[in-house]
Amino acid sequence: MASPPDTSKTTKLERYNSYIRRVNSTKLMAASSKLLFRATLLIALVLIFFFTLNYPPLSSSDNPPHVHTHHNFLSSAFYGSGASWEKQVRHSSTPRRPNGFSVLVTGAGGFVGTHCSLALKKRGDGVLGLDNFNDYYDPSLKRARQALLSKHEIFIVEGDLNDGPLLTKLFDIVPFTHILHLAAQAGVRYAMQNPQSYIRSNIAGFVNLLEIAKAADPQPAIVWASSSSVYGLNTENPFSELHRTDQPASLYAATKKAGEEIAHTYNHIYGLSLTGLRFFTVYGPWGRPDMAYFFFTKDILQGKPINIYQTQDDKEVARDFTYIDDVVKGCVGALDTAEKSTGSGGKKRGPAQLRIYNLGNTSPVPVGRLVSILEGLLNVKAKKHIIKMPRNGDVPYTHANVSLAYRDFGYKPTTDLATGLRKFVKWYVSYYGIQTRVKKETVKTSDRLGESD
């Protein structure tokens, strides 16, 4: 009888193979766990990176220690390369009238930028906006202006002046004929809290824009916003473009004066056509909440006390308040009379236009008078505190001589302070939905929307 087959070796082999499979399975699970952990960690780091870029830390809107610029990485790198984005850029910047301009308006989400964009678009020019929507003041107001511009088919690219690749891309897409450079870090007193923001925007940002413009072919003509603050400690009145501007009283004024010198340099070396406009206390609908007329209105309606400054020798502080529609006409006039730049590909071919103008109202009004007008329009008595002007960079008096602007492009302000404040108050109570006994006046729809006549 045959003996049964010896299965011991087969059993041992199966056990060994089973052991090997378990060991390999354990190793595979361990390797998979490590790979999953590393992938999860990488994804987390990428998410943190994107959130850091797109959602800066919050700050108090009343007294922010820093201005936060909303650097949207998607808008510059990914969003800015899409076909839909480029189509919006081209559509917005294409003029609708014969020989119309194609204008890049920096700071288009700002006060003056919004009004100028509307005026240019209304007459058939192509307008493309650029704004970083920082939180120097309430960004929701800037977003509301953006929505207003969008209704008029004006597109604002969300980006920063210091984003060279973004600016280069815009100039690759659009052959701009003009730049209206209104983007800036504004405000005299805030410079004492955050001086670096003024250097980044008003100097570095301006230089970056000029670097891109000088290399463009053709080079655009540039009209840009300087400031009446450059007159600083000047005591001659009214302020003339011929007066000295080498005694700035604030860092803001110093950066604007630096801008004028930088403009001279790029005009001289590269043939850029440059026109600087010195604005005098611009006010009106869609204005800036950090301006006195704006926060006076807010505080009077809320029953809060307001501070009215006097000089150290007990004189009233006065400003040459200039209504927004008058300033818009000045900006458009400067654009219309700007000559072409003479450079090409960064090389100067001949002498280029270099100009500087005052844009004011020519009628200084004491701040106390402004408050009285607001009291009458709001039917509310202000709680006034008369205090000495602090030494924070403010000047006691401004008064514009605009004869040069009148001679060269017919600039002639027509809106007195009472009329302009009436239009502002109408807009203010409508925008913020305030129920008040504001005096009834007939205001055109364009005034309510903030469009320029």
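In this predicted model, Ser228 sits in a loop. That loop runs between strand S5 (221–225) and helix H8 (251–270). The relative accessible area of Ser228 is 9%. Ser228 is therefore buried, since the cut-off for burial is under 20%. Beyond its neighbours within four places in sequence, Ser228 is in contact with Arg278, Phe279 and Phe280.

One of these partners, Phe279, also belongs to the largest nonpolar core. This core holds 79 residues. Phe279 is among the members that touch the most other members, along with Val112, Leu180, Tyr293, Leu370 and Leu421. Leu370 shows how such contacts are spread along the chain. Residues up to four places away in sequence are not counted here. Leu370 touches Tyr293, Phe296 and Phe321. It also touches Val365, Leu417 and Leu421. Another core lies apart from the largest one. It has 31 residues, including Val174, Ile212, Trp224 and Tyr270.

A second buried site is found in helix H9 (residues 292–301), which contains Asp299. The relative accessibility of Asp299 is 17%. Asp299 therefore counts as buried, because this value is under 20%. With neighbours within four places in sequence left aside, Asp299 is in contact with Lys304, Pro305 and Ile306. Asp299 and Lys383 stand 84 residues apart in sequence. In space, their C-alpha atoms are 9.0 Å apart.

Helix packing was examined for one pair. Helix H3 (residues 83–93) crosses helix H6 (residues 164–173) at roughly 65°. Their axes come within 10 Å. The crossing is right-handed. From H3, the contact involves Trp85, Glu86, Val89 and Arg90. From H6, it involves Leu166, Lys169, Leu170 and Ile173. Five of the contact residues are nonpolar and three are charged. None is polar.

The chain as a whole has 453 residues. Of these, 50% are buried. The chain contains 14 helices and 15 strands. Contacts were also sorted by separation in sequence. Among those between residues at least 6 apart, 81% join residues at least 24 apart. The exposed surface of the chain is about 22,300 Å². Carbon and sulfur atoms supply 57% of this area.

Technical notes:
Residues are numbered from 1 along each chain as its sequence is written. This is a predicted model: local features need pLDDT of at least 70, side-chain atom pairs count only at pLDDT 80 or more; totals for chains, interfaces and linings use all residues. Side-chain values use heavy atoms; hydrogens and water are left out. A nonpolar core is a set of buried Ala, Val, Leu, Ile, Met, Phe, Trp, Tyr and Cys residues joined through side-chain atoms within 4.5 Å. Buried means under 20% relative accessible area, exposed over 50%, partly exposed in between (1.4 Å probe, protein chains only). Contact means heavy atoms within 4.5 Å. Helices (H or I, at least four residues) and strands (E, at least two) are DSSP runs, numbered from the N terminus. Accessible areas come from the Shrake-Rupley method with a 1.4 Å probe; for residues, only the protein chains shown count as cover. Axes are lines fitted to C-alpha atoms, for helices over the stretch in contact, and angles run from 0 to 180 degrees between N-to-C directions. A crossing is left-handed if the near helix is turned anticlockwise from the far one by less than a right angle, and right-handed if clockwise. Ala, Val, Leu, Ile, Met, Phe, Trp, Tyr, Cys and Pro count as nonpolar, Asp, Glu, Lys and Arg as charged, and the others, Gly among them, as polar.
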